[in-house]
Amino acid sequence: MSHKRVPKRKAAIAVGSVAALGAAALLLPNAMASQTDAADGAAPKTLKATDASDLASRLQQLLGDAFAGSYYEADKQQLIVNVVAGDNNNVIVQAQKAGAAVREVDNSIAELKAGAQTLKAEATIPGTAWALDPRTNKIQVTADSTVTGANWDTIESTVKSLGTGMATIKKTEGTFKTFVEGGDAIFGGGARCSLGFNVVTGDGTPGFLTAGHCGVAEAEWSDAEGGEPIATVEAATFPGDGDFALVKYNDPATVAASTVDVGDGQTVDILQAAEAEVGQQVFRMGSTTGLADGEVTGLDATVNYPEGTVTGLIQTNVCAEPGDSGGSMFTQDGGAIGLTSGGSGDCTVGGETFFQPVTTALEAVGATLGAGDAGAGDAGAGAGEEAGAGEEAGAGEEAGAGEEAGAGEEAGAGEEAGAGEEAGAGEEAGAGEEAGAGEEAGLGEEVGGDELGGVDDQTGNGADDGTGLENNENH
């Protein structure tokens, strides 16, 4: 099968458009939101989520130990920064002058991380997870339905030992597991996984990122069930410090575009890697459940899967099901945020889900987002200029207005890839093929010109043209 780029339809976002994503209806904010300058440094700036994430990174460096986390307030389009000021009111003034809204809190990042270490040492029990939640300034501990009896008592007593105001605990339905099966699927033996984002590897050849539990399950991957391998795993991490894998295309001439397939032949451009921010709206694509949205709810999450403990993840309330593993999580303005790892629940009842940060994965494997020619030239002016895509991409991000970002195809993988089980859902293959992931697109492209009115996809079959997703033939 040839993996050369073919013309595809583009989807571009319009100001004030309403998108129906999965079961949710949401208002897409103005992609060209302006910043209001504060005359005296006290009034918070109006920021897009990607700009807020970049500001948070800068303030973390500026404020040092006084920085106690941050989150994005979407309705006000403001960055809220937690500070432990003590007697030093200067840190509050600095954060305000930078454009953030400031909230004084009791728990420092160091104290919260120390609490997380105590949980790791005393309560690493399969079916549990914890993450830092800056909105509550606490550690959010979650236990799935398998945590009962003595294990529940251990979790409860460990949380209590951290002291009042340090952590909360809650139960979630279902069980924590890796999400494996198909999207724009890639197949490896008995496993079926999603391709996350296309990349350029350290030696300049094309490859892609996917979930680490897929990479450790199988060494070679095809874009069709039972088909010839088109890519080989170069490196994989799972469990441990993340859940990511770098897979290199066997044909170095493969043109793997920097897009995400949102179904029905429509794609969106990925313009840069970006850090997650609590409160940030994100989108996830997978073959089983299609396009879904939600928000980031926690950072630096630890998840105790049956296969082992994984650290450094992003926690969200975006639904996912078996078949969505490895798929891409991204923002409306073209930021590559995460790779689907696992979680609990489904897209009927909801649940807790976890994602591998793209920035961490790229740094670990020595790859960069940007492949093929999707968005270069025609997306640069409309989208690359905003959201900091040429200048404020965030730690470890690949910036640049026409610079390509990695994605294109999503997929799931055989259920419990880490355990090597098979799966089955959504038969369309991806991995660099013309099924949409290698397509051109424009999430954030030519903003204010073309329109993304909405995507209505609860089945995984893609976008419904009747929802307002305007298609533009690109030749």
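Which residue's side chain meets that of Asp51 in a salt bridge? The partner is Lys48, with 3.9 Å from N to O. Before I go further, please note that what we have before us is a predicted model.

Let me stay with this pair for a moment. Asp51 has a relative accessible area of 11%, and is therefore buried, the cut-off being under 20%. Lys48 is buried as well, with a relative accessible area of 8%.

I turn now to the chain as a whole. The chain contains 7 helices and 28 strands. Of its 475 residues, 59% are buried. If we take the contacts between residues at least 6 apart in sequence, 70% of them join residues at least 24 apart. The exposed surface of the chain comes to about 16400 Å², and 46% of that is supplied by carbon and sulfur atoms.

Back to the charged pairs. The structure holds 7 salt bridges, and I should like to show two others among them. In one, Asp203 pairs with Lys248, and the closest N and O atoms lie 2.7 Å apart. This salt bridge links distant parts of the chain, 45 residues apart: Asp203 sits in the loop between β13 (197-200) and β14 (206-210), while Lys248 belongs to strand β17 (residues 244-249). How do the two partners stand with respect to solvent cover, buried or exposed? Asp203 counts as exposed because its relative accessibility is 52%, whereas Lys248, at 18%, counts as buried.

In the other, Asp324 pairs with Arg284, the closest N and O atoms being 3.5 Å apart. Here too distant parts of the chain are linked: Asp324 lies in the loop between β23 (308-316) and β24 (328-330), and Arg284 lies in strand β21 (residues 281-286), 40 residues away. Both of these residues are buried.

Next, a helix. In α6, which spans residues 358-365, the buried residues are Val358, Thr359, Ala361, Leu362 and Val365. Around the axis they cover an arc of only 165°, so they lie on the same side of α6. Glu363 and Ala364, on the other side of α6, are exposed. Just after this helix comes Gly366, which takes a positive phi of about 70°.

Finally, a residue in a strand. Leu291 is located in β22, residues 290-305. With a relative accessibility of 4%, Leu291 counts as buried. Its C-alpha is 9.8 Å from that of Cys319, and the two residues are 28 apart in sequence.

Notes:
Residues numbered from 1 in each chain as written. Predicted model: local features only at pLDDT ≥ 70, side-chain atom pairs only at ≥ 80, totals over all residues. Heavy atoms only, no water. Buried < 20%, exposed > 50% of the residue type's maximum accessible area, 1.4 Å probe, protein only. Helix = DSSP H or I, 4+ residues; strand = E, 2+ residues; numbered from the N terminus. Arc of directions from axis to C-beta. Contact = heavy atoms within 4.5 Å. Areas by Shrake-Rupley, 256 points an atom, 1.4 Å probe, with all protein chains shown as cover. Salt bridge = Lys/Arg side-chain N within 4 Å of Asp/Glu carboxyl O.
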